[in-house]
Amino acid sequence: MTTIQIAPSILSADFARLGEQVREAESAGADRIHVDVMDGHFVPNITVGPLVVQAVRRVTTLPLCTHLMITDADRFVEAFVQAGANMVIVHVEACPHLHRTVQTIRALGACPGVTLNPATPLSALDEILAQVDAVLVMTVNPGWGGQAFIPEMIDKISRLRWMSRERRLSLDILVDGGINVETAPQVVQAGANVLIAGEAIFGSPKGIGDALARLRTSASVGQISQLHG
Ligand code: DX5
Ligand code: ZN
């Protein structure tokens, strides 16, 4: 059975206690740390840059995954890898020379991932799928944490898993936006194997450890339904 990975998104962390919260997520069993980079152009919000990635790198040994929601990804890819990113995820909508961008990320020694906004069809991945390690299916329109999951994305995840199998690729399928104990089983059943979650982990009143454990349990419910489905 595939192991489902959980990647806390620091967008919902308390930035005044970022190091502490990342360490807490690591000891509670998080598999990766997700860093959302927004530029106020590609998305209507501004977050963090390489400096924060560098700071997070110092407090954890977990793989760091940077999700670049920026118009000029090519200009900044190297800075994020140098800051310690193990995976760089770029938006197909923001990269006119996507093949080159993906090659650059790999040449820099990081894992390339691509992502699609909810309205972007999977056909945009046709020519790049075999070159990437991961595809992130956005399950909200990017820009903020704490938004509601878009249910139509379940079918998109299933179709992507089917595409990956048909082409005999071992793609990681990531989901990002509105992932919680209710939506986790559905996305896992559809074929996602990496769950990114912000509010459900850092916003949980019972704390990071409890939230991670509950998310993991709910993901295994999705795996069981997948086996029986
Ligand atoms: C949204 C970001 C997400 C965000 C998810 O634009 O890409 O990574 O942190 O947050 P939640 O899990 O709160 O929807
Ligand atoms: Zn993200």
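Start in the middle of this predicted model by selecting Leu125, Leu160 and Leu195: within the largest nonpolar core, which has 64 residues, these three touch the most other members. Now add helix 3, residues 73–83, to the selection; with five residues, helix 3 gives the most to this core.

Next, zoom in on leucine 125. Leaving aside residues up to four places away in sequence, leucine 125 touches Val92, Val114, Leu116, Val135 and Leu160. Before moving on, pick out Ala7, Cys65, Ala134 and Met138, which are among the 11 residues of a second, separate core.

From there, go to glycine 143. You will find this glycine in the loop between strand 6 (134–138) and helix 5 (153–166). Its relative accessibility is 2%, so glycine 143 counts as buried, the cut-off being under 20%. Show its surroundings as well: beyond residues up to four places away in sequence, glycine 143 touches Met38, Val43 and Asn45. If you like, draw a distance from its C-alpha atom to that of serine 204, 61 residues apart along the chain; the separation is 20 Å.

For the last stop, display helix 6 (residues 183–190) together with helix 8 (residues 208–228). Their axes lie 7 Å apart and the two helices pack at an angle of about 40°, which means helix 6 is oblique to helix 8. The crossing of this pair is right-handed. To see the contact itself, select Ala184, Pro185, Val188 and Gln189 on helix 6, then Leu215, Ser218, Ala219, Val221, Gly222, Gln223, Ser225 and Gln226 on helix 8. Colour the contact residues by type and you should get six nonpolar, six polar and no charged.

Note on methods
Residues are numbered from 1 along each chain as its sequence is written. Chains are lettered from A and ligands numbered from 1 in the order in which they are written. This is a predicted model: local features need pLDDT of at least 70, side-chain atom pairs count only at pLDDT 80 or more; totals for chains, interfaces and linings use all residues. Side-chain values use heavy atoms; hydrogens and water are left out. Axes are lines fitted to C-alpha atoms, for helices over the stretch in contact, and angles run from 0 to 180 degrees between N-to-C directions. Helices (H or I, at least four residues) and strands (E, at least two) are DSSP runs, numbered from the N terminus. Angles under 35 degrees count as roughly parallel, over 145 as roughly antiparallel, 65 to 115 as roughly perpendicular and the rest as oblique. A crossing is left-handed if the near helix is turned anticlockwise from the far one by less than a right angle, and right-handed if clockwise. Contact means heavy atoms within 4.5 Å. Ala, Val, Leu, Ile, Met, Phe, Trp, Tyr, Cys and Pro count as nonpolar, Asp, Glu, Lys and Arg as charged, and the others, Gly among them, as polar. Buried means under 20% relative accessible area, exposed over 50%, partly exposed in between (1.4 Å probe, protein chains only). A nonpolar core is a set of buried Ala, Val, Leu, Ile, Met, Phe, Trp, Tyr and Cys residues joined through side-chain atoms within 4.5 Å.
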